[in-house]
Amino acid sequence: MSSEKINRRQQILEALAHMLEVSPGARITTAALAKEVGFSEAALYRHFPSKSKMFEGLIEFIEETIFTRIAMILQEEPSALNRCQRILHLLLAFCERNPGITRLLTGDALTGETERLHGRILQLFDRLETQIRQILREAELREHLRPALPLGGAANLLLASAEGRIVQYVRSGFKRKPTEYWAEQWPVLTSGFFRETIVAAR
């Protein structure tokens with residue numbers, strides 16, 4: 001794919017993200033998007049066969065950004081609790097910097113769109129929860145720590161706390177920042193979260 005074609009695709013996705021930010025609640029048409037980018041509708045379709053594919057392009061951007069950085073966190077940070085904290089802060093900070101795209105994560109911008117797009121978002125959050133569950137599972141082996149809740153419930157509690165802040169951000173019209181109070185809330189949320197396991201004598 002030529003660099004010009006990649007740049008055009010990028011332009012379209014950036015324009016779509018901008019429209020999602022400035023037009024909450026409005027249904028975005030390809031005609032309005034073409035006007036925003038300064039292309040014809042026919043030119044849009046040369047780069048994306050459908051609006052659904054444009055949304056998929058944004059979802060792929062979210063996945064690539066989040067999970068690439070999670071891989072870096074896992075390499076850099078040995079502590080399970082710190083890993084979870086950094087991953088969830090990454091998610092919240094990403095949403096804060098990308099308000100329009102955040103409407104995809106909450107499903108707010110996907111009303112009337114294909115079931116496949118809703119499935120992609122569900123899959124993304126399932127993947128995040130699975131990653132947190134894996135970190136908590138490894139904590140017992142690496143640090144002799146076990147969550148006070150069953151693994152599934154513990155991972156869900158942490159992710160749901162971050163998700164709630166993301167929903168508040170969209171509902172407030174992007175006024176209520178998702179990272180606000182998070183640093184103070186995290187120690188309270190995770191107080192008593194882990195219990196030490198007894199290491200058998202050899």
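Is F174 buried or exposed? Exercise 4 works this out.

This is a predicted model, where local features need pLDDT of at least 70, side-chain atom pairs count only at pLDDT 80 or more, and totals for chains, interfaces and linings use all residues. Residues are numbered from 1 along each chain as its sequence is written, and side-chain values use heavy atoms, with hydrogens and water left out.

**Exercise 1. Find how helices α4 and α7 pack, and which residues meet.**

Step 1. Locate the helices. Helix α4 covers residues 51-76 and helix α7 covers residues 115-143. Helices (H or I, at least four residues) and strands (E, at least two) are DSSP runs, numbered from the N terminus.

Step 2. Take the angle. The two helices pack at about 5°, with axes 10 Å apart. Axes are lines fitted to C-alpha atoms, for helices over the stretch in contact, and angles run from 0 to 180 degrees between N-to-C directions.

Step 3. Classify it. Angles under 35 degrees count as roughly parallel, over 145 as roughly antiparallel, 65 to 115 as roughly perpendicular and the rest as oblique. Therefore α4 and α7 are roughly parallel to each other.

Step 4. List partners. From α4, the residues include F55, I59, I66 and L74. From α7, they include L117, I121, L128 and I135. Contact means heavy atoms within 4.5 Å.

Step 5. Sort by class. The contact of α4 with α7 has 12 nonpolar, 2 polar and 6 charged residues. Ala, Val, Leu, Ile, Met, Phe, Trp, Tyr, Cys and Pro count as nonpolar, Asp, Glu, Lys and Arg as charged, and the others, Gly among them, as polar.

**Exercise 2. Describe the setting of I59 in helix α4.**

Step 1. Check accessibility. I59 has 0% relative accessibility, so it counts as buried. Buried means under 20% relative accessible area, exposed over 50%, partly exposed in between (1.4 Å probe, protein chains only).

Step 2. Find contacts. Leaving aside neighbours within four places in sequence, I59 touches L104, L117, R120 and I121.

Step 3. Compare sequence with space. I59 and L104 are 45 residues apart in sequence. Their C-alpha atoms are 7.7 Å apart.

**Exercise 3. Trace the salt bridges of E56, E77 and E140.**

Step 1. Apply the rule. A salt bridge is a side-chain nitrogen of Lys or Arg within 4 Å of a carboxyl oxygen of Asp or Glu. The count comes to 9 salt bridges.

Step 2. Start with E56. E56 pairs with K53, with the closest N and O atoms 3.9 Å apart. Both lie in α4, 3 residues apart, about one turn of the helix. E56 is buried at 5%, whereas K53 is partly exposed at 38%.

Step 3. Extend the links. K53, E56, E63, R116 and R120 form a network of salt bridges.

Step 4. Turn to E77. Its partner is R86, again with closest N and O atoms 3.9 Å apart. E77 is buried at 14%; R86 is partly exposed at 30%.

Step 5. Finish with E140. E140 pairs with R146, the closest N and O atoms being 2.4 Å apart. E140 is partly exposed at 30%, and R146 is partly exposed at 43%.

**Exercise 4. Place F174 and H144, and give the phi of each.**

Step 1. Recall the background. Most residues other than glycine have a negative phi.

Step 2. Take F174. F174 has a positive phi of about 70°. F174 lies in the loop between α8 (151-171) and α9 (182-190). At 12% relative accessibility, F174 counts as buried.

Step 3. Take H144. H144 has a positive phi of about 60°. H144 is found in the loop between α7 and β1 (145-147). H144 is partly exposed at 34%.
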